[in-house]
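Here's a quick briefing to read with the structure open beside you. Let's start with one pair of residues and work outwards from there.

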2 protein chains.
Amino acid sequence: MIDRLIEKIKATNAPIVVGLDPMMKFVPEHIRKKAFAEYGETLEGAAEAVWQYNKGIVDAIYDLIPAVKPQIAMYEQFGIPGMIAFKRTVDYCKEKGLVVIGDVKRGDIGSTSEAYAAAHLGKVQVGSRTYSGFDEDFATVNPYLGSDGIRPFLKVCSEEKKGIFVLVKTSNPSSGEFQDRQVDGKPLYELVGRQVAAWGEECMGETYSNVGAVVGATYPEQGRALRKLMPKTFILVPGYGAQGGKGADLVHFFNEDGLGAIVNSSRGIIAAYQQEQYARFGAEGYGDAARAAVEAMREDIASALNGR
Amino acid sequence: MIDRLIEKIKATNAPIVVGLDPMMKFVPEHIRKKAFAEYGETLEGAAEAVWQYNKGIVDAIYDLIPAVKPQIAMYEQFGIPGMIAFKRTVDYCKEKGLVVIGDVKRGDIGSTSEAYAAAHLGKVQVGSRTYSGFDEDFATVNPYLGSDGIRPFLKVCSEEKKGIFVLVKTSNPSSGEFQDRQVDGKPLYELVGRQVAAWGEECMGETYSNVGAVVGATYPEQGRALRKLMPKTFILVPGYGAQGGKGADLVHFFNEDGLGAIVNSSRGIIAAYQQEQYARFGAEGYGDAARAAVEAMREDIASALNGR
């Protein structure tokens with residue numbers, strides 16, 4: 001799956017993934033009103049609003065970008081109807097030719113990770129038949145439980161030609177609380193990064209591994225160090241835009257080949273219409289605003305990469 | 001919620017939580033056949049089998065135990081129908097008066113953890129109304145992202161009188177890969193344990209905190225050390241039975257007051273009928289086998305605690 005992602009990054013010239021994290025405060029009022037008129041102020045109504053909102057964004061930008069990253073928590077909070085909206089979003093994005101990174105941050109002991117891997121990337125056996133539960137292309141995974149929590153994902157990635165991104169150094173302010181602690185004179189995130197590179201060897205694509213890493217744009221120096229430690233590891237970089245990461249910070253996450261990283265922006269794209277810079281589009285034009293924001297982000301990253 | 005859990009542990013004299021991890025290989029054939037006859041070999045059929053299986057177990061043991069712990073991965077693998085079976089199980093167990101620990105191992109950056117906390121423990125706003133997504137009593141949480149990933153859960157625990165159990169030292173063989181690494185001369189899990197105790201101070205019940213810890217029965221020595229480091233922290237102890245933990249190993253997880261720990265068994269109870277020891281019950285009697293296994297586990301723990 002990493003090969004397909006790279007192919008799409010090259011075709012769009014955009015190492016960008018758009019986070020489909022549809023918080024209700026981002027959903028334009030006309031969409032909310034219509035959904036509530038049809039389903040009431042219910043979980044079903046919220047899920048319908050989320051789905052229509054997502055669809056508008058995807059329709060407006062799918063040709064510009066290689067991938068989307070729906071954050072499952074934003075759907076899970078709306079219970080079963082929310083999960084249906086998640087699945088519908090995943091399916092629709094795949095129909096549109098997008099690579100779908102399920103931001104699920106799952107991870108557990110062996111047999112349970114097997115079930116999570118089946119749920120999000122693989123298939124489950126039911127009697128004599130097999131089914132896919134959610135069927136994303138990539139999933140994000142938490143490493144705290146160690147190798148036997150990760151191996152079931154590697155197995156499914158090999159069988160189903162899928163991929164994972166393992167949390168290494170997350171973008172949030174307190175990520176250092178455990179991740180930066182010194183272990184044998186090196187921060188824990190480096191130890192995790194080395195292990196991610198080792199896991200990645202078991203599941204290689206053509207030039208990069210199907211096992212990627214999550215490293216926040218908010219930590220460019222750590223990104224530089226990790227880039228060198230994990231040369232064949234694709235880095236998923238959250239934290240651009242709203243969380244404070246800038247284009248210039250991103251160059252350290254890329255290899256000399258111009259590849260090796262894909263930068264996520266969520267609210268910076270999907271709620272662009274709420275920013276002063278894109279206010280001219282209005283709430284009705286939220287899709288066009290998202291498109292303009294993707295184009296600006298592509299330009300920001302390209303000029304940062306050209307300038308290095 | 002920890003006060004309610006403790007009250008129920010005292011009433012049942014059983015510091016036991018039964019893991020409702022319904023792998024298809026545990027579900028008796030007569031239940032699978034009936035579900036597939038009605039719904040076909042579909043995700044709906046699998047979910048119906050899982051639900052009927054769970055219901056049979058809960059009906060057979062609910063008066064003996066304080067709590068259940070459904071492992072969401074085992075439901076998530078069956079997609080939307082599986083999530084419906086999860087919700088139905090949670091609701092049914094609560095109706096039966098059981099405390100429900102959602103074994104979801106969620107955890108993310110601030111705003112996303114907020115959504116997970118709302119999904120599993122809290123409420124979500126939809127227009128002028130509020131709803132609960134899954135509404136467990138406790139949830140398990142992964143600490144890798146640090147305090148700002150945990151705080152949203154603490155907030156919801158305080159508001160909704162719910163609780164969490166944070167992963168500290170997990171029961172699986174490779175848990176030491178990161179968790180045992182030395183940080184300032186102490187293993188990482190101790191650092192996490194101290195932090196769990198600190199978070200716990202913000203969310204106290206009467207004598208124990210609503211912020212608990214997960215420490216595997218397979219690591220009794222580590223359990224002993226963590227017990228001392230976190231005196232007011234309730235420990236959820238997985239790994240008893242099938243994973244190799246024994247009653248005698250468990251005493252270290254309890255405080256002198258006989259409280260402070262709740263021991264999980266999953267397949268040892270729910271698939272007891274597949275063990276030689278309980279084979280006499282047959283597949284039709286899987287609920288009675290589960291009941292006998294709970295009684296034996298209660299006896300094992302009580303005699304270990306009495307013998308110390």
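In chain B of this predicted model, B:Ile164 stands opposite B:Val211 in strand E10(B). That pair belongs to the run of 5 bridges that joins E7(B) to E10(B), the two strands being parallel. Another pair from these strands is B:Leu167 and its bridge partner in E10(B), B:Val214.

**The barrel in chain B**

- Zoom out and you'll see 8 strands closing into a barrel, in the order E1-E2-E3-E6-E7-E10-E11-E12 (chain B), with parallel pairing.
- The twist from one strand to the next averages 30°.
- Helix H1 (residues 2-12) of chain B packs on this sheet, where H1 touches strand E2 (67-70), strand E3 (99-106), E7 and strand E12 (261-265) of chain B.
- The direction of H1 makes about 125° with that of E3(B).

**Strand E7(B) and its other neighbour**

- How covered is E7(B)? Mostly: 7 of its 7 residues are buried.
- Besides E10(B), E7(B) pairs with strand E6 (residues 138-141) of chain B, in the parallel sense and over 4 bridges.
- In that pairing you'll find B:Val141 opposite B:Val166 in E7(B).
- Add helix H7 (residues 147-160) of chain B to E6(B) and E7(B), and you have a right-handed β-α-β unit.

**Helix H10(B): one side in, one side out**

- Helix H10 of chain B covers residues 220-229, and its buried residues are B:Gln222, B:Gly223, B:Leu226 and B:Arg227.
- Why do these four sit on the same side of H10(B)? Because the arc they cover around the axis is only 140°.
- Here's the helix rule worth keeping in mind: with 3.6 residues a turn in an α-helix, residues three or four places apart point the same way.
- The buried residues of H10(B) pack against three elements of chain B, namely strand E7 (163-169), helix H9 (188-201) and strand E10 (211-215).
- On the face turned away from that buried side, look for the exposed residues B:Glu221 and B:Lys228.

**Over to chain A**

- Chain A also has a closed barrel of 8 strands, running E1-E2-E3-E6-E7-E10-E11-E12 (chain A) with parallel pairing.
- Ignoring direction, neighbouring strands of this sheet are turned by 30° against each other on average.
- Strand E7 (residues 163-169) of chain A runs parallel to strand E10 (residues 211-215) of chain A, and 5 bridges join them.
- Among the pairs here, A:Ile164 stands opposite A:Val211 in E10(A), and A:Lys169 has A:Val215 as its bridge partner in E10(A).
- Which residues cover the two faces of E10(A)? A:Val211, A:Ala213 and A:Val215 are on one side, A:Gly212 and A:Val214 are on the other, and all are buried.
- Put as a tally, 5 of the 5 residues of E10(A) are buried.
- That pattern goes with a general habit of strands: in a regular one, the side chains alternate between the two faces of the sheet.
- E10(A) is also joined by 2 bridges to strand E11 (residues 235-237) of chain A, again running parallel.
- In that pairing, A:Ala213 stands opposite A:Ile235 in E11(A).
- To get from E10(A) to E11(A), the chain crosses through helix H10 (residues 220-229) of chain A, and this β-α-β crossover is right-handed.

**How the two chains relate**

- Two copies of a chain are related by a rotation about an axis and a shift along it.
- For this pair, a rotation of 180° with 0.0 Å of shift along its axis superposes chain B on chain A, at an RMSD of 0.0 Å.
- What you're looking at is the relation of a two-fold axis.
- Which C-alpha of chain B is nearest the axis? That of B:Val183, which is 2.7 Å from the axis.
- The copies meet through the same surface, because 100% of the interface residues of chain B are also interface residues in chain A.

**One more residue to check: B:Gly176**

- You'll find B:Gly176 in helix H8 (residues 176-179) of chain B.
- B:Gly176 counts as partly exposed, with 17 other C-beta atoms within 10 Å; a buried residue would need 20 or more.
- From B:Gly176 to B:Ala271 is 95 residues in sequence and 29 Å in space, C-alpha to C-alpha.

Terms used
Residues are numbered from 1 along each chain as its sequence is written. Chains are lettered from A and ligands numbered from 1 in the order in which they are written. This is a predicted model: local features need pLDDT of at least 70, side-chain atom pairs count only at pLDDT 80 or more; totals for chains, interfaces and linings use all residues. A residue is buried if 20 or more other C-beta atoms lie within 10 Å of its own, exposed if 12 or fewer, and partly exposed in between; C-beta atoms are placed from the backbone. The arc is that of the directions from the helix axis to the C-beta atoms. Two residues are in contact if their C-beta atoms, placed from the backbone, lie within 7 Å. Copies are superposed by least squares on the C-alpha atoms of residues with pLDDT of at least 70 in both. Two strands pair if DSSP finds at least two bridges between them. A crossover is right-handed if, with the strands pointing away from the viewer, the path from the first strand over the helix to the second runs clockwise. Axes are lines fitted to C-alpha atoms, for helices over the stretch in contact, and angles run from 0 to 180 degrees between N-to-C directions.
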